[in-house]
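Subject: Handing over the structure

Hello,

Here is the structure I promised to pass on to you. Please have a look at it first, and then read on for what turned up.

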Amino acid sequence: MGRTVVVLGGGISGLAASYHLSRAPCPPKVVLVEGSERLGGWIRSVRGPDGAVFELGPRGIRPAGVLGARTLLMVMLGGSWLRTLEARGSVLSQELFQKEAEKAAATQLGLKEPPSHCLVHLHKNCIPQYTLGHWQKLESATQFLAAQKLPLTLAGASYEGVAVNDCIESGRQAAARVLGTEPNS
């Protein structure tokens, strides 16, 4: 009977790992386990009330072809600007955020026309970043897994990069470790 590899999580790293495992010369049986109703993790498409499709996630993704000819601008506001508004007791509304985002895009990019479609979300404390000592904890976990000879490898935004390309590469490297091949640099 062949080897079975279980991939926990159907986010971009889990999908990349599953893909690379299934493409191996002697692929194992791959079982992908996802806890939510959809695959993709933080990456998802949302249809706005006016029918426009927005690609959300760690980064905006522009579709290929004719649809890609339009530009998607993602404006992130926060930090001291948001804390100042909160301290003043300002009403934090979608209208306020849209107005400020349009003003920032016009000022910084020289845009003359307002956007044709807008989608506004408020995500507090959402800029991904690692805490002090993250790399040491990651190295300790890696050494523990190796010392205990546990058949487990880690991949995803929590480990070695939060961007989409980091997550895809993390999944590829995890698959290479499971298969016993060296990941290409």
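How many salt bridges does the structure hold? There are two salt bridges in it, and I will come to each of them below. Please keep in mind throughout that this is a predicted model.

**The overall layout**

The chain has five helices and four strands. If you follow the sequence from its start, these elements come in the order β-α-β-β-β-α-α-α-α. Of the 185 residues in the chain, 23% are buried. Among contacts with a separation of 6 or more, 48% link residues that are 24 or more positions apart. The chain exposes about 13600 Å² of surface, and 56% of that area comes from carbon and sulfur atoms.

**The two salt bridges**

One salt bridge joins Lys 103 to Glu 100, with 3.5 Å between the closest N and O atoms. Both residues belong to helix 3, which spans residues 94-109, and because they are three residues apart there, about one helical turn separates them. As general background, an α-helix has 3.6 residues a turn, so residues three or four places apart point the same way. The two partners differ in their surroundings: Lys 103 is partly exposed, at 46% relative accessible area, while Glu 100 is buried, at 15%.

The other salt bridge pairs Arg 172 with Glu 169, and here the closest N and O atoms are 2.5 Å apart. These residues sit in helix 5, and since they are three residues apart, they too are separated by about one helical turn. Arg 172 counts as buried, with a relative accessibility of 18%, whereas Glu 169 counts as partly exposed, with 27%. In general terms, side chains of opposite charge can pair when their charged atoms come close.

**Helix 1 and its neighbours**

Helix 1 covers residues 12-22, and its buried residues are Ser 13, Gly 14, Ala 16, Ala 17, Ser 18 and Leu 21. What do these buried residues pack against? Their partners are strand 1 (4-8), strand 2 (29-33) and helix 5 (164-179).

Ser 170 gives you a way to look at helix 5, where this residue is placed. Ser 170 is buried, at 12% relative accessibility. Leaving aside residues up to four places away in sequence, Ser 170 touches Ser 13, Leu 154, Ala 155 and Gly 156. One of these, Ser 13, is among the buried residues of helix 1.

**A nonpolar patch on the surface**

Which residues make the nonpolar surface patch? Val 6, Leu 8, Val 31 and Val 33 form it, and the patch has an area of about 350 Å². Strand 1 and strand 2 are the elements that give two or more residues to this patch. Val 33, for example, lies in strand 2 and is partly exposed, with a relative accessible area of 39%.

**Cysteines**

A disulfide, in general, is a covalent bond between the sulfur atoms of two cysteines. The structure holds zero disulfides. If you would like to find two cysteines in the model, Cys 118 is partly exposed, with a relative accessible area of 29%, and Cys 167 is buried, at 4% relative accessibility.

A good place to begin your own look might be helix 5, since the Arg 172 and Glu 169 pair is found there, three residues apart.

Happy browsing, and best wishes

How values were computed. Residues numbered from 1 in each chain as written. Predicted model: local features only at pLDDT ≥ 70, side-chain atom pairs only at ≥ 80, totals over all residues. Heavy atoms only, no water. Buried < 20%, exposed > 50% of the residue type's maximum accessible area, 1.4 Å probe, protein only. Contact = heavy atoms within 4.5 Å. Areas by Shrake-Rupley, 256 points an atom, 1.4 Å probe, with all protein chains shown as cover. Patch = residues over 30% accessible without salt bridge, like charges linked within 9 Å, V, L, I, M, F, W, Y side chains within 5 Å. Salt bridge = Lys/Arg side-chain N within 4 Å of Asp/Glu carboxyl O. Disulfide = S-S within 2.5 Å.
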